[in-house]
Amino acid sequence: MRCYACYTSPMSVRSHLKHQLGNLVYGANDGIITTFAVIAGAVGAGFSHSVIIVLGVANLVADGFSMAASKYLSVKSEQSIDQEGSKNRSALRDSVATFAAFALAGLLPLIPFLVPGSMRNEFVISAAATAIAFFLVGAARSFVIRKGFLLAGLEMLIVGGAAASIAYGLGKWVETLIR
């Protein structure tokens with residue numbers, strides 16, 4: 001049974017929006033980071049265009065589903081422990097929001113590789129688009145956390161950039177080991 005009063009008071013609406021924004025930021029953050037890290041590692045290893053696409057798509061679907069399933073199970077677990085505090089949450093809605101944000105944001109780094117007649121600078125374009133996305137999704141966190149727009153955006157840009165740099169470096173290093 002749905003609690004309609006929960007969505008009609010201004011405080012409840014704000015609380016619900018904050019909660020959903022948290023799911024969206026969480027999903028988008030992980031989607032961008034993991035997809036670009038997979039791409040960066042594959043580029044660092046010198047993999048072909050088609051292998052990069054396969055790895056990127058596999059990451060989008062498998063990791064996105066994993067996050068959604070984990071979110072679903074997490075909410076269901078919370079509900080079984082604290083039925084009063086979490087009875088108005090929808091495990092399915094939370095998991096769908098997390099998956100959608102993951103897949104949509106995670107697709108961004110892959111788009112330059114999917115364009116027919118591929119560009120010569122797919123990785124550079126992917127990195128630039130990813131950096132912008134890192135900043136914007138990070139900045140969106142300022143609606144949920146007590147941190148300014150600029151600082152929240154820069155924080156995620158730095159963390160995401162570090163993850164991508166590590167993946168690229170490891171891709172190059174492992175490729176030299178197996179060569």
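There are three aromatic pairs in this structure by the rule used here, in which ring centres must lie within 6.5 Å of each other. One of them is Phe36 with Phe123, a stacked pair with 5.5 Å from centre to centre and 10 degrees between the planes. Keep in mind that this is a predicted model.

Where do Phe36 and Phe123 lie? Phe36 is in helix α1, residues 10–44, and Phe123 is in helix α6, residues 122–140, so the pair ties together parts that are 87 residues apart in sequence. Is Phe36 buried or exposed? Its relative accessibility is 6%, so Phe36 counts as buried. Phe123 has 23% and counts as partly exposed, because the cut-off for buried is under 20%.

Phe123 has another partner. With Tyr168 it makes a stacked aromatic pair, 5.8 Å centre to centre, the planes 20 degrees apart. Tyr168 belongs to helix α7, residues 149–178, while Phe123 is in α6, so this pair ties together parts 45 residues apart in sequence. Tyr168 is partly exposed, at 30% relative accessibility. Put together, Phe36, Phe123 and Tyr168 make one aromatic cluster.

Next, the helices themselves, beginning with α6. Helix α6 is made of 19 residues, and from its first C-alpha to its last it reaches 26 Å. That is close to the 27 Å expected at 1.5 Å a residue. Which residues of α6 are buried? Among them are Glu122, Ser126, Thr130, Phe134 and Phe135, and also Gly138, Ala139 and Ala140.

Helix α7 has 30 residues and a reach of 43 Å between its first and last C-alpha, close to the expected 44 Å. Its buried residues are Ala152, Gly153, Met156, Gly160, Ala164, Ala167 and Gly171. There is also a nonpolar patch on the surface, formed by Ile166, Leu170, Trp173, Val174, Leu177 and Ile178. Together these residues have about 650 Å² of accessible area. Take Val174 from that patch: Val174 is in helix α7, and at 38% relative accessibility Val174 counts as partly exposed.

Now to charge. Side chains of opposite charge can pair when their charged atoms come close. How many salt bridges does a search of the whole structure find? The search finds three.

Consider Glu155 first. Its side chain meets that of Arg141 in a salt bridge, 2.6 Å from N to O. Glu155 is in helix α7 and Arg141 is in the loop between α6 and α7, so the pair ties together parts 14 residues apart in sequence. Glu155 is partly exposed, with a relative accessible area of 29%, whereas Arg141 counts as buried at 18%. Glu155 also forms a salt bridge with Lys147, where the closest N and O atoms are 2.8 Å apart. Lys147 is partly exposed, its relative accessible area being 27%. Which residues do salt bridges with shared partners join into one network? They are Arg141, Lys147 and Glu155.

Another salt bridge joins the side chains of Glu175 and Arg179, at 3.0 Å from N to O. Arg179 has 72% relative accessibility and counts as exposed, because the cut-off for exposed is over 50%.

That leaves helix α2, residues 49–81. Helix α2 has 33 residues and reaches 47 Å from first C-alpha to last, close to the 48 Å expected at 1.5 Å a residue. The buried residues of α2 include Ile52, Gly56, Leu60, Met67 and Val75, and also Asn59, Lys71 and Gln79. Glu78 is in α2 too, but Glu78 is partly exposed, with a relative accessible area of 35%. Glu78 and Arg89 are eleven residues apart in sequence, and their C-alpha atoms are 9.8 Å apart in space.

To go back over the main points: Phe36, Phe123 and Tyr168 form one aromatic cluster. Arg141, Lys147 and Glu155 are joined in one salt-bridge network. The nonpolar surface patch includes Trp173 and Val174. All of this describes a predicted model.

Terms used. Residues numbered from 1 in each chain as written. Predicted model: local features only at pLDDT ≥ 70, side-chain atom pairs only at ≥ 80, totals over all residues. Heavy atoms only, no water. Phe/Tyr/Trp six-rings, centres within 6.5 Å; stacked < 30°, edge-to-face > 60°. Helix = DSSP H or I, 4+ residues; strand = E, 2+ residues; numbered from the N terminus. Buried < 20%, exposed > 50% of the residue type's maximum accessible area, 1.4 Å probe, protein only. Patch = residues over 30% accessible without salt bridge, like charges linked within 9 Å, V, L, I, M, F, W, Y side chains within 5 Å. Areas by Shrake-Rupley, 256 points an atom, 1.4 Å probe, with all protein chains shown as cover. Salt bridge = Lys/Arg side-chain N within 4 Å of Asp/Glu carboxyl O. Expected span 1.5 Å × (residues − 1).
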